[in-house]
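Reader: Please take me through one part closely. I want the contacts with distances, then the rings and the cysteines.

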Amino acid sequence: MEPQAASTNPVAWSRKHLLGLEDLSKAEITGILDTADSFLEVSSRSRKKVPTLQGRVVFNLFFENSTRTRTSFDLAAKRLSADTQDFSASVSSLSKGETFIDTARNIEAMGADVMVVRHPTPGAPHLLAQHVQSSIINAGDGAHEHPTQGLLDLMTIRRKKGKVEGLTVGIVGDISHSRVARSNIWGLLKLGARVILCGPPTLVPRSMERLGCEVAHHLDQILPQCDVVNVLRIQLERQQKALFPSIAEYSQLYGMTQERVRRGKDDLLVLAPGPINRGVELTPEVADGPNSAILDQVTNGLAVRMAVLYLLSGRMNARRSTTEEILGDMAATK
Ligand code: CP
């Protein structure tokens, strides 16, 4: 089901930073998703720019590799008419001993209004938020949170299914090492979904039930109940030791195959945050098949990141805080 028109309800937004979904209320999450629906319309037009962030400076500070998050934040800021600047840790003065905080304070001194931060250490964006005046957006901190990925997953589910409340969502794979899983869990539970975490016991600890989810270890048992499966990548880069016998055995037990899709609900929605490992977490037939919304997630990610930048700028400007104003900006540039 593709959704209705973007909401024009005012979005109450008073936060300076976006550090995670754990902190956000249901109303705040819904407000971001409504705003992102509006920005999807901007992306479908021949002139894709609005003047919302004219004169603002958005810095991308990525201390880990990225394809989707980095480029879509950059494009989102450009579509809002901000000046954008990439910071590459590998060619920076970090190699000469400059600290993370000093680096950020120097970037702030160049006039950064927003810093989009990805870092391998959980809590790194939160630390910066305590040391600089710029707005901080968490673009992934270790295995902690990846809030814009959680938001774009929620947006994709809401647009495809028309709702989130009451759905059963299976999150499959390497939950322990996944910031995507954590942001999904917080967002889905706040919006009223049932969440089942599924994977080998070494990657899905029973203790995660404390968050309000169910934990399962047999994909074939839970699959018939699922409206959505979100298939996570095995994150070997965050695993200190072998946590399952082999990739082949993992794929046999937890890989999303065409046969498994056939045994699920007819309208089973398959998500994957990317990058995907074809033949490991899911087969090429599933990744490219009719149940997959993997590329819709990427499209929606751009709209979500425009919405987040817009709402933070609303706070910076202390005047823009409703989707009606976005629609005004859009009308002005038609
Ligand atoms: N899903 C995601 O965060 O992808 P990147 O690592 O390419 O940004």
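Author: Start at T67. A polar backbone atom of T67 is 2.7 Å from an oxygen atom of the ligand. Keep in mind that this is a predicted model. S66 also makes a contact, this time through its side chain: an N or O atom there is 2.6 Å from a ligand oxygen. Q149 uses its side chain as well. One of its N or O atoms there sits 3.0 Å from a nitrogen atom of the ligand. On its own, the ligand has 250 Å² of accessible area, and the protein covers 92% of that.

Now the full shell. The residues surrounding the ligand are S66, T67, R68, T69, R118, H146, Q149, P273 and G274. By type, six of the shell residues are polar, two are charged and one is nonpolar.

Next, the rings. The model has four aromatic pairs. Take F63 with F87. Their ring centres lie 5.5 Å apart and the planes meet at 45°, so this pair counts as tilted. Where do the two partners sit? F63 is in the loop between β1 (57-62) and α2 (68-79), while F87 is in strand β2 (residues 83-88). The pair therefore ties together parts that are 24 residues apart in sequence. Both F63 and F87 are buried.

F63 has another partner. With F100 it forms an edge-to-face pair, 5.2 Å from centre to centre and 80° between the planes. This pair links distant parts of the chain. F63 is in the loop between β1 and α2, F100 is in helix α3 (residues 100-109), and 37 residues separate them. F100 is buried, as is F63. Ring pairs thus join F63, F87 and F100 into a cluster.

Last, the cysteines. How many disulfides does the model have? The count is zero. Why does C198 have no bond to C226? The cysteine sulfur closest to that of C198 is the one in C226, and it is 8.1 Å away, which is too far for a bond. A disulfide needs the two sulfur atoms within 2.5 Å. C198 is buried, at a relative accessible area of 0%. C213 counts as buried too, with 6% relative accessibility.

To recap: T67 contacts the ligand through its backbone, S66 through its side chain, and Q149 also through its side chain. F63 pairs with F87 and with F100.

Technical notes. Residues numbered from 1 in each chain as written. Predicted model: local features only at pLDDT ≥ 70, side-chain atom pairs only at ≥ 80, totals over all residues. Heavy atoms only, no water. Phe/Tyr/Trp six-rings, centres within 6.5 Å; stacked < 30°, edge-to-face > 60°. Helix = DSSP H or I, 4+ residues; strand = E, 2+ residues; numbered from the N terminus. Buried < 20%, exposed > 50% of the residue type's maximum accessible area, 1.4 Å probe, protein only. Near = heavy atom within 4 Å. Polar contact = N/O pair within 3.5 Å; in protein donor to acceptor, adjacent residues only side chain to side chain. Areas by Shrake-Rupley, 256 points an atom, 1.4 Å probe, with all protein chains shown as cover. Nonpolar A, V, L, I, M, F, W, Y, C, P; charged D, E, K, R; others polar.
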